[in-house]
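User: I should like to understand the reasoning behind the labels given to this model. Please set each value against its criterion.

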Amino acid sequence: MAAEAHGRARARLSAVAEDPAGGWDPAIRLAQDAALLGRLLAAAAGQRQDGGQCPDVSADEVAAGLNLFEVMRVALDRLETQVVIEARRRGMDWRQIAGHQGLNSSQAASQRYQRLVTRLEEIRQGVR
């Protein structure tokens, strides 16, 4: 059902946006959804890069933008998990990973990774 709402949200925002979202790569989809939200906010503020008229933004379109966030968070969590796995595979220790994540300790980085993995597993199992 969340995927269905996400698809409807993407379709609604694509109508407001200058070009529709496409592609299946998770990072590309995440970037496209973020761009849709940026265009939504620009349209809501009455701005358009080409100087043309902006369509009126309805409450339904703003609600569609809100619907994108949970799916974007899950996609971002998956990407972060995959990058941490790759960092570990390439020999980075938790202290180095923590530094790149802006965390203060290797323990904080390891705990963050464990929270991400647990959250994604709960989502996969339908617990969340």
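User: How many salt bridges does a search of the whole structure find?

Analyst: The structure is a predicted model, and a search of the whole of it finds 7 salt bridges. As a general point, side chains of opposite charge can pair when their charged atoms come close.

User: What makes R119 and D77 a salt bridge?

Analyst: The closest N and O atoms of R119 and D77 are 2.3 Å apart. The criterion asks for a side-chain nitrogen of Lys or Arg within 4 Å of a carboxyl oxygen of Asp or Glu, so the pair qualifies. R119 lies in helix α5 and D77 in helix α3, so this salt bridge ties together parts that are 42 residues apart in sequence.

User: Why are R119 and D77 called buried?

Analyst: The label requires under 20% relative accessible area. R119 has 15% relative accessibility and therefore counts as buried. D77, at 13%, is buried as well.

User: Which residues are linked with R119 in a network of salt bridges?

Analyst: The network of salt bridges links R119 with E70 and D77.

User: How do you know that E86 and R89 meet in a salt bridge, and where do they lie?

Analyst: The N to O distance between the side chains of E86 and R89 is 2.8 Å. Since the cut-off is 4 Å, the pair is accepted as a salt bridge. Both residues lie in helix α3, 3 residues apart, about one turn of the helix.

User: What are the accessibility classes of E86 and R89?

Analyst: E86 has 27% relative accessibility. Partly exposed covers values between the buried limit of 20% and the exposed limit of 50%, so E86 counts as partly exposed. R89 has a relative accessible area of 61%, and therefore is exposed.

User: What makes R95 and D93 a salt bridge, and which class does each residue fall into?

Analyst: The side chains of R95 and D93 meet at 3.3 Å, N to O. The limit is 4 Å, so this pair also counts as a salt bridge. R95 is exposed because its relative accessible area is 58%, while D93, at 28%, is partly exposed.

User: What is the volume of the largest pocket, and which residues are closest to its centre?

Analyst: The largest pocket has a volume of about 530 Å³. Its lining consists of 21 residues, and the closest to the centre are H6, V71, V74, A75 and R78. The elements that give two or more residues to this lining are α1 (2–16), α2 (26–44), α3 and α5 (106–125). Helix α3 gives the most, with 8 residues. By class, the lining has 11 nonpolar, 2 polar and 8 charged residues.

User: Why can V62 belong to a surface patch, and which residues make that patch?

Analyst: V62 has 39% relative accessibility and counts as partly exposed. A patch residue must have over 30% relative accessible area, so V62 meets that requirement. The nonpolar patch, of about 260 Å², is made by V62, L66 and F69. V62 itself is placed in helix α3 (residues 59–89).

User: Why is G46 called exposed, and where does it lie?

Analyst: G46 lies in the loop between α2 and α3. Exposed means over 50% relative accessible area, and G46 has 53%, so the label applies. G46 and V57 are 11 residues apart in sequence and 9.0 Å apart in space, C-alpha to C-alpha.

User: Is A109 buried or exposed, and why?

Analyst: A109 has a relative accessible area of 2%, which is under the 20% limit, so A109 is buried. Its place is in helix α5. The C-alpha atoms of A109 and I97 are separated by 6.6 Å, and the two residues are 12 residues apart along the chain.

User: What is the pattern of the protein chain, and what share of its residues is buried?

Analyst: The protein chain has 5 helices and 0 strands, and reads α-α-α-α-α along the sequence. Buried residues make up 28% of its 128 residues.

Key. Residues are numbered from 1 along each chain as its sequence is written. This is a predicted model: local features need pLDDT of at least 70, side-chain atom pairs count only at pLDDT 80 or more; totals for chains, interfaces and linings use all residues. Side-chain values use heavy atoms; hydrogens and water are left out. Patches are made of residues with over 30% relative accessible area and no salt bridge: like charges are joined within 9 Å, nonpolar side chains (Val, Leu, Ile, Met, Phe, Trp, Tyr) within 5 Å. Accessible areas come from the Shrake-Rupley method with a 1.4 Å probe; for residues, only the protein chains shown count as cover. Helices (H or I, at least four residues) and strands (E, at least two) are DSSP runs, numbered from the N terminus. Buried means under 20% relative accessible area, exposed over 50%, partly exposed in between (1.4 Å probe, protein chains only). On a 1 Å grid over the protein atoms alone, a cavity is a set of points where a 1.4 Å probe fits but cannot get out, and a pocket is an open set with protein on both sides within 12 Å along at least five of seven lines; lining residues have an atom within 4 Å of a point. Grid points are joined across faces, edges and corners, and a volume is the space filled by probe spheres set on the points. Ala, Val, Leu, Ile, Met, Phe, Trp, Tyr, Cys and Pro count as nonpolar, Asp, Glu, Lys and Arg as charged, and the others, Gly among them, as polar.
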